[in-house]
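Good morning, and thank you for coming. I should like to take you through one structure this morning, beginning with a question about two of its elements.

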Amino acid sequence: MSIDTEGIHTDFQEGMSYGDYLRLDTLLSAQQTLTNEHDELLFITIHQVMELWLKLMNRELDTALAHLRADELQPAFKCTARINRIQEQLIQAWTVLSTMTPSDYLSFRPALGQSSGFQSWQYRLIEFKLGAKDEMKMAPHRHRSDIAAQLEAAYRAPSLYDEALRLLARRGYFVPQDVLTRDVTQPYVAHPGVEAVWEDIYRHSGEHFDLYELAEELVDLEDAFQQWRFRHMKTVERIIGMRRGTGGSTGVTYLRKALERYFFPELWSVRGQL
């Protein structure tokens, strides 16, 4: 059986092709290895793909934040649903990288110098927008004024959870004033008054289903983020054990501590009260 090719455009001397639109020449030339070791291309590709997903995730987070500020929950939910799908891709990326053995990695690791995923400014932006504020995390980017400005803005802006709690207050819920007026450059600390608000929403979900859905969207987001962190930690442990990271961090020890921190603590603790 022959395939009907009538009408398929094949002359791109004057028009824009698929490769032109996606700038594939630029994209595919970015994987420049520093050694001849086979697995270095895998290492670069995985991290570049992750950075592309992080770019999209940051955009969706910014849009979700804007919708929450405008009391537009349904459009915000579309953003958080997409963020969760993006995180599924990020989690799976570690599965691919875990095919690299310790000897594979050590064959090109010296070429990395002090470069490290710890220095991913796009990841740091996401952490700041989700509430994991830490001024020290901006230090590796002081030499780039354009990046430093983005990080500074996210550091000083209310997080996704801050905006969610402000929305609850606008809806008439008694969110404690010290929570609403807190210094948003500091990590969020769980408050029993906030837990009480979420408990009321969960117990009366039929009366305000959109706020109940907001709670579950945030739980989904954090659940996926923690899975991403866990897969990161286990992949690092599998490949380098308890060695220090190339950027000077404590490696697996540092990543394990990150798993103990929550963005939306009352949404987890309230489950024990229901």
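Is the crossing of helix 3 and helix 6 left-handed or right-handed? Please keep in mind that this is a predicted model. The crossing of these two helices is left-handed.

Let me describe this pair further. Helix 3 covers residues 40-69, and helix 6 covers residues 121-130. Their axes come within 9 Å and cross at roughly 25 degrees. Because angles under 35 degrees count as roughly parallel, helix 3 is roughly parallel to helix 6.

Let us now turn to the chain as a whole. The secondary structure of the protein chain comprises 13 helices and zero strands. Reading along the sequence, one therefore meets the pattern α-α-α-α-α-α-α-α-α-α-α-α-α, in which each symbol stands for a helix. Taken along the principal axes, the box filled by the C-alpha atoms comes to roughly 60 × 55 × 40 Å. The protein chain has 274 residues, and 41% of them are buried.

Next, I invite you to look at the surface. Which residues form a nonpolar patch there? They are M16, Y18, Y21 and L22, and together they have about 530 Å² of accessible area. One of these residues, Y21, is placed in helix 1, which spans residues 18-22. Why does Y21 count as exposed? Its relative accessibility is 61%, and the term exposed applies to values over 50%; therefore Y21 counts as exposed.

To close, I return to the opening pair: helix 3 and helix 6 cross in a left-handed manner. Thank you for your attention.

Key:
Residues numbered from 1 in each chain as written. Predicted model: local features only at pLDDT ≥ 70, side-chain atom pairs only at ≥ 80, totals over all residues. Heavy atoms only, no water. Patch = residues over 30% accessible without salt bridge, like charges linked within 9 Å, V, L, I, M, F, W, Y side chains within 5 Å. Areas by Shrake-Rupley, 256 points an atom, 1.4 Å probe, with all protein chains shown as cover. Salt bridge = Lys/Arg side-chain N within 4 Å of Asp/Glu carboxyl O. Helix = DSSP H or I, 4+ residues; strand = E, 2+ residues; numbered from the N terminus. Buried < 20%, exposed > 50% of the residue type's maximum accessible area, 1.4 Å probe, protein only. Axes fitted to C-alpha atoms, helices over the stretch in contact; angles between N-to-C directions. Parallel < 35°, antiparallel > 145°, perpendicular 65-115°, else oblique. Left-handed = near helix turned anticlockwise from the far one by under 90°.
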